[in-house]
Amino acid sequence: MSTTVSSLRRRTDRFGYLFVAPAALCFIAFLAIPILYALYVSFRREQVVGLGLGEGGRTEVWAGLRNYADVLADSEFLASAGRVLVYGLVLVPVMLGLALLFALLLDSKSARMRRIARIAIFLPYAVPAVISSLLWGFLYLPGTSPFHYLAEAVGGSLPDVLSPELVLLAIANIGIWGGTGFNMVVLYTSLRSVPGELYEAATLDGCSELQTALRVKVPMILPSLIMTCVFSIIATLQVFAEPMLLRPLTNSISTTWSPLMRIYRDAFVENDIYTASAGSVLVALATFVISFGFLRLVRGQAFAQEAR
């Protein structure tokens with residue numbers, strides 16, 4: 001009997017490995033190997049002999065940490081990192097604040113047409129970043145924007161949001177418009193899983209709907225709120241599509257506005273894959289350190305109930 005059970009378990013394990021194999025192969029081929037290759041290239045550089053013509057004119061040699069030192073010493077890279085930091089300080093709190101507000105409103109007893117409201121709020125997330133950036137870009141341009149036209153029709157005027165002073169807010173607005181719906185769905189799903197007995201107990205204790213939301217609902221979904229915050233931080237550090245697509249519409253966005261734009265310029269414009277690889281590794285390390293540090297900071301408050 002035990003022999004039959006053991007053989008059946010081994011056969012089941014083999015079938016399990018068979019089902020997992022396609023995903024594992026795709027992970028190795030399209031994620032693990034490119035990451036390892038980028039890490040390897042980041043320690044190399046191209047050495048030019050003479051004019052760099054003919055066989056042996058250009059050779060690849062070991063560079064050690066030189067590429068990393070060049071990236072960290074580049075004022076453009078540091079400036080782009082600072083812009084992304086300010087961008088994240090604007091985008092993450094506003095986007096998560098709106099997502100939490102919409103989730104609480106949809107979960108309230110007086111909410112009406114919840115299904116239509118959920119779809120309407122979530123719909124911008126379904127629009128690809130390329131399309132949404134182009135859409136907002138033309139809405140920002142004074143010559144094509146209906147908002148500027150309406151303002152001029154009533155004798156007023158609107159500021160140029162693509163100016164150097166406001167372009168960061170213009171880019172952040174696209175991210176907020178596209179990301180609020182997804183985070184709202186995550187938080188709303190967490191709210192729907194909260195036991196109804198807690199709401200009944202709060203009502204019996206005399207809590208208003210606002211007090212119930214702040215004292216019961218928000219603490220109960222805090223782990224989900226932390227998770228969405230981590231995902232938003234990661235997405236913020238990897239901002240690329242929005243400024244890249246808005247750049248042809250204004251002179252306020254340089255080719256190195258964000259770290260990923262600088263990496264793109266190094267790799268595909270200047271054909272320097274070595275410095276670009278080093279920059280990519282640094283961005284990945286910064287993403288890991290910031291995300292892990294944030295989780296360590298809020299772990300006690302967010303996951304205290306799970307540790308009990």
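For my residue classes, I count Ala, Val, Leu, Ile, Met, Phe, Trp, Tyr, Cys and Pro as nonpolar, Asp, Glu, Lys and Arg as charged, and the others, Gly among them, as polar. I also jot down that this is a predicted model.

**Entry 1: the largest pocket**

I went to the largest pocket and read off a volume of about 470 Å³. I then looked at its 24 lining residues and noted the ones closest to the centre: Tyr125, Gly175, Gly178, Gly179 and Ala235. I listed the elements that contribute two or more residues there, and they are α3, α4 (114-126), α5 (129-140), α7, α10 (222-237) and α11 (241-246). Which element gives the most to this lining? I found that α7 does, with seven residues. Sorting the lining by class, I got 14 nonpolar residues, nine polar and one charged.

**Entry 2: the second largest pocket**

Next I turned to the second largest pocket, whose volume is about 380 Å³. I see 17 residues lining it, and Val84, Leu85, Ile233, Leu237 and Ile290 are those nearest its centre. Here the elements with two or more lining residues are α3, α10 and α13 (273-302). I noted α3 as the one that gives the most, with eight residues. How many charged residues does this lining have? I found no charged residues, alongside 15 nonpolar and two polar ones.

**Entry 3: α3 against α7**

Both helices had come up among the pocket elements, and I wanted to know how they pack. I looked up helix α3 (residues 75-107) and helix α7 (residues 167-192), and their axes come within 7 Å and cross at roughly 40 degrees. Angles from 35 to 65 degrees fall in the oblique range, and α3 and α7 are therefore oblique to each other. I recorded the crossing of α3 and α7 as right-handed. By class, I find 23 nonpolar, four polar and three charged residues in the contact of α3 with α7.

**Entry 4: aromatic rings**

Last, I searched the whole structure for aromatic pairs and found ten. I picked out Phe122 and Tyr125, with ring centres 5.5 Å apart and planes at 45 degrees, so I have the pair down as tilted. Where do Phe122 and Tyr125 lie? I found both in helix α4, three residues apart, which is about one turn of the helix. Tyr125 is a familiar name by now, as I had already listed it among the residues closest to the centre of the largest pocket.

Terms used. Residues numbered from 1 in each chain as written. Predicted model: local features only at pLDDT ≥ 70, side-chain atom pairs only at ≥ 80, totals over all residues. Heavy atoms only, no water. Axes fitted to C-alpha atoms, helices over the stretch in contact; angles between N-to-C directions. Helix = DSSP H or I, 4+ residues; strand = E, 2+ residues; numbered from the N terminus. Parallel < 35°, antiparallel > 145°, perpendicular 65-115°, else oblique. Left-handed = near helix turned anticlockwise from the far one by under 90°. 1 Å grid on protein atoms, 1.4 Å probe; cavity = no way out; pocket = protein on both sides within 12 Å on 5 of 7 lines; lining within 4 Å. Points joined across faces, edges and corners; volume = space filled by probe spheres on them. Phe/Tyr/Trp six-rings, centres within 6.5 Å; stacked < 30°, edge-to-face > 60°.
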